[in-house]
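Trainee: I have just opened this one and would like to go through it with you. Could we take it a piece at a time?

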Amino acid sequence: MKEKVGQVTPEERNEIQQLFERRNGLNELAKILTPDNDALYQKLVKDLGETGTKFQNWWDRMSQQYNWKSTPNGHWEINFDSCEIFLSEE
Amino acid sequence: MSIVRETDTGWQSGMAKSITFIVTKDCQLACKYCYLVGKNVKERMSWETAKAFIDYVLSREDEFREESVVWDFIGGEPFLEIELIDKICDYLKLRMFELNHHWFNSYRFSFSTNGINYHTPDVQAFIKKNREHLSIGITIDGTEKKHDLNRVWKQAKADENGIIHPSERGSYKDVVRNIPLWLEQFPNAGTKVTISSADIPYITESVLHLYSLGIHQVNINVVFEDVWQEGDDLRFEEQLMTLADEIIEHGYYRDYACSFFSEHIGKPMDPERDNQNWCGAGKMLAVDAAGNLYPCTRFAQYSLRSKKALIIGNIRDGINYNLLRPFLTLDRTTQSPQKCLDCEVASGCAWCQGENYDAAQTSTIYERSTAICLMHKARVRANNYYWNKLFRKLELEGRREEYENNKRDVKPEIC
Amino acid sequence: MMQYLVILLDDTSVSYCHADNPYSVRRLIGLNDLRAGILFAMKQNLMIQFVYPDYELPQEYLDLIDTIDHHDIKPWYAGASPADVTVFDKSVLAGVSPVNQGVAVLRLTKAELFENVEAIGKILLKMQRLNIVVTDIETITDEELKSYAAVLEGLASVLKDEYLAGRMPQLNLLTDRMMLDRPNHCNAGVENITLAPNGRYYLCPAFYYSNPDDSIDPQDIRNQQLLRLDHAPLCRHCDAYQCRRCIWLNRKTTLEVNTPSREQCIVAHTEREASRQLMAAIREQAVFMPEVEIKELNYNDPFEVRKEW
C-alpha cells in the first residue's frame, strides 16, 4: 500500500537524486575495485561513508521539516519525476 | 525509514550528453530495413581506441558541461563485443571517480540490442555488475510474421569486402525467448518497432502481440527513408484505426502505451516559438573503430547510402568545433520546405538529420527530407480518431478525470 | 535576384578574393563559351564583370567583350590598362605606385598585413577606395586576432586624420561598417554567378578553383535558398554589415554554405569594433554621421549568444 504524504521542491529533489546516484555509483565501483589499488580503495571507502551519512541526513532533515506521516512498518519513497513523497507499507 | 525509488521515464532527458561507442559494425542479423547499409565484419573497436577516446572526453570536463552522460553502445550488435564493453565500463567508472568528474554522479550505460545474446553468461554478468546504471532496449518487431519479414539472420559468409547480407532465416524465436528475462530485469523497459512499407498490414497485431508479451511501452516509428508506395498512407491509417479500436475496447490505454498515439501531435507550429530542431545530432558524440568522431552515428560511413561520412574530428586531434556550428545553429524553419512551414498538422512530424543529409540534393544537413509527409498526415488522422473516441468513452463512463490523473506520459521519441 | 555574371577570361585570371587561383598555365575561355556567356547575361539582364589575366588578350576577345556593357577586373602589372577594379598583391608594398582610380583590391596574407601597416597606410592615402583581402583569414588564431586589431587601430588613425581634413578615402575593413545600413555580403549564387574558362558555371571563382566538378546549372541552382541571408541562422541576426559572408569559406570551414566559422565571425566583429571606435574618435573632434549608431557588443562571435535570439 502506498500513500502520498508529502512533496519536496525540485532543488531538494536534486540533492537527494544526486546522492542516490552517487551511492549507486560507489556501490557498483566497489564491485570492481580491490584493496591492492590502495589510494583509490581508501577514497572509495571514505566516500561511501560520507555519502551514506549525507543521504540519511537528507531524509532526517526533510521528514522533520515537512513532518511526514510515518508508521512502524513503513518507509518513505520519493518519485524523482514528480518530487512526491510516499509512505509505503510492506 | 527511507528508500528512494527512481522512475525511469526519460532519464535526465535533455540534460544528458549522449556519447556513443560504435563498438562493432558487425551483427548476427541483416535486417532488410536497416539504415546501416555498410555493416561489416571488419571494423571492430580496439581497447586502445576506446581508452584513448575515454581519456580524451574525461580530460575535457570544461568542454562537456552537460549535467549527465549516457554512455551509449551500438553496433551492429553491441553485445557481440561484451568483453570490450565490460572493460570500457569498468574503466569509465574508475576514471570518473578518480578524476572527481561530475558525471560520476549521473551516468547511464545504454544499449540497443537485437536481444539474441541477452541470456549469455557474459552479458548477464555484465548486467548484474552494472544493474543500477543500465538502460537496455531489445528490438522485437511484433508478431513472428512481422518480425521475420525484416529481421533476418545474415548469410554465413560476408562478401569480399566484408559486407554482410541477409539470409531468409527469421530471428523471432531467437529473440522472444529472452523477453521474459529482460522484462524481469527491466520491468519498465520499452521496445522499438520500425515500420517500412511491407510491415503496414501487421501493425495492429504486432503492437497487441508485444503487449501480450508484457511489454508496456511500444515505441514505434516509420522509417525516414523514401520507401513508401502509393496508398501506403491509407493502409497505414486503417491499421492505426484498428489498433486504436483494440486499445480502447480492451482498455490497454490504462497500462500500456504506443507512441503512435500522442495528444501532442498534429497541430500547426509557430515559426518563431516552435523553431527548435527535432534531432539531437551535434549535441551527441560518436566514435568508431578508427577513432573518428561523428555528430551522431548516422553520419558514419556505414550509415550513409550516397554521401561521404561527416567526420568532426578524431581521438588524436579532438573535435573541430567549426564543423559542429551548423548542427548547433540548425532550426526547424531554416531546413524545412515551405509546405512544412505551412502544414496544419506539423507538430510531431519527425526527421533524422542523418537521413536528411543522405537524401539532400547537395551536401548539406539543411535540407529536410519529406519522405514521411503522407505517413505523418495519416498518423495524425488516426491519432485524432483515437483521442476523440477515447475521451468520449471516458466522459460517458465518468472516468475522464481519473484517466487524466493517472495517464502514462508518452514523450515523443527523439533520437 | 541575380544581377551579375563574373566571367573568368583565362585560367590564370587574377583572383580578387579569398581563394588563391591554383592555375598557372594559360588557358583562355573558348570564344564560343564567351559568346554564350555574353548572350546568357543579355537575356538574364546581368551586368558582366570580366576578370583578366596578366597578359594582353587577343583582339577577337577584346572585340567580343566590347559588344556588351561591362566592368573590368584586372591584375596590376606594368603596362596594364585602367580597370574598374585593379588587383594588387604584396609587390605594391615595395614602392610600386598604384593607379589612383576605381577600386583597388590588395590581397595579402596575415603575416604580410601585420608586417606592412605603415606601407598600407601610405597606399591608402592615394586611393579612393581600398579593399584589403586577407587570403588566409580562416586560420587566424586568438593571438593573431590581437595583431589584427592593432593593424586596424593603426589604419584607423590614418583614416581619422584624413576624415578630419575633409578627405574620405574608403577602406573596406573600417569605413564600410560606418557607411552601411544593411549587410554588404558577397551574395554569390544569389546576386552573382561565375562562368569559368571551361565553359561551366560556378557559384563563384573559388568553387572553380577548389573543385572544377563543383559546377552549377545557372537556371536551377540546387538548394539556392541556403545561399540567402534568411537561411543563415547566425548571419541573419548579425550587424557586422561589412562582412562579406563568404559562402566558399563557410563551406570550406564548416561544410555548410550558410554557416560561418568562428574565425570568420571574430574577424568581422573585430572590424566592426574598430569601425565603432574610429567613428567615436572622429566624433570627439567633429560632427560626423550623426544618424549612424554602432552599438557596443559584449561578444565577438554571435554563436556564443545564439540562444538569446
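Trainee: Where is the place of B:His133 in chain B?
Mentor: Keeping in mind that this is a predicted model, B:His133 sits in the loop of chain B between H3 and strand E4 (134-138).

Trainee: Is B:His133 buried or exposed?
Mentor: B:His133 has a relative accessible area of 0%, and it counts as buried because that value is under 20%.

Trainee: Which residues does B:His133 touch, not counting those up to four places away in sequence?
Mentor: On the chain A side B:His133 touches A:Glu21, A:Asn24, A:Gly25 and A:Glu28, and within chain B it touches B:Tyr107, B:Arg108 and B:Phe109.

Trainee: Which residue forms a salt bridge with A:Glu21?
Mentor: That is B:Arg108, and the closest N and O atoms of the pair are 2.9 Å apart. The count between chain B and chain A is 1 salt bridge, while 8 residue pairs are found in polar contact across the interface of these two chains, with both residues at pLDDT 80 or more.

Trainee: Which elements of chain B each supply at least two residues to the side that touches chain A?
Mentor: Helix H2 (82-98), strand E3 (107-113) and helix H3 (121-129) of chain B each do so, and H2(B) gives the most, with 5 residues. By kind, the residues on that side of chain B divide into 8 nonpolar, 9 polar and 10 charged.

Trainee: And how many residues does the contact take from each of the two chains?
Mentor: The contact takes 27 residues from chain B and 34 residues from chain A. The area buried between them is about 2,700 Å², and carbon and sulfur atoms give 57% of that area.

Trainee: What about the other chains, then: which pair of touching chains has the most contacts?
Mentor: Of the 2 pairs of chains that touch, chains A and B have the most contacts. Chain A and chain C, on the other hand, are joined by no contact, and their closest C-alpha atoms lie 24 Å apart.

Trainee: Changing topic, which residues touch the most other members in the largest nonpolar core?
Mentor: They are B:Phe21 and B:Trp71, in a core of 215 residues, and H2(B) provides the largest share of this core, with 9 residues.

Trainee: What is B:Trp71 in contact with, leaving aside neighbours within four places in sequence?
Mentor: Its contacts include B:Phe21, B:Leu92, B:Met96 and B:Trp103, and also among them are B:Tyr107, B:Arg108 and B:Phe109. Apart from the largest core there is a second, separate core of 16 residues, which includes A:Leu19, A:Trp58, A:Trp59 and A:Phe80.

Note on methods
Residues are numbered from 1 along each chain as its sequence is written. Chains are lettered from A and ligands numbered from 1 in the order in which they are written. This is a predicted model: local features need pLDDT of at least 70, side-chain atom pairs count only at pLDDT 80 or more; totals for chains, interfaces and linings use all residues. Side-chain values use heavy atoms; hydrogens and water are left out. Contact means heavy atoms within 4.5 Å. Buried area is the accessible area (1.4 Å probe) that two parts lose on being put together, summed over both. A salt bridge is a side-chain nitrogen of Lys or Arg within 4 Å of a carboxyl oxygen of Asp or Glu. A polar contact is a pair of N or O atoms within 3.5 Å; within protein, one must be able to donate a hydrogen and the other to accept it, and residues adjacent in sequence count only if both atoms are side-chain atoms. Helices (H or I, at least four residues) and strands (E, at least two) are DSSP runs, numbered from the N terminus. Ala, Val, Leu, Ile, Met, Phe, Trp, Tyr, Cys and Pro count as nonpolar, Asp, Glu, Lys and Arg as charged, and the others, Gly among them, as polar. Buried means under 20% relative accessible area, exposed over 50%, partly exposed in between (1.4 Å probe, protein chains only). A nonpolar core is a set of buried Ala, Val, Leu, Ile, Met, Phe, Trp, Tyr and Cys residues joined through side-chain atoms within 4.5 Å.
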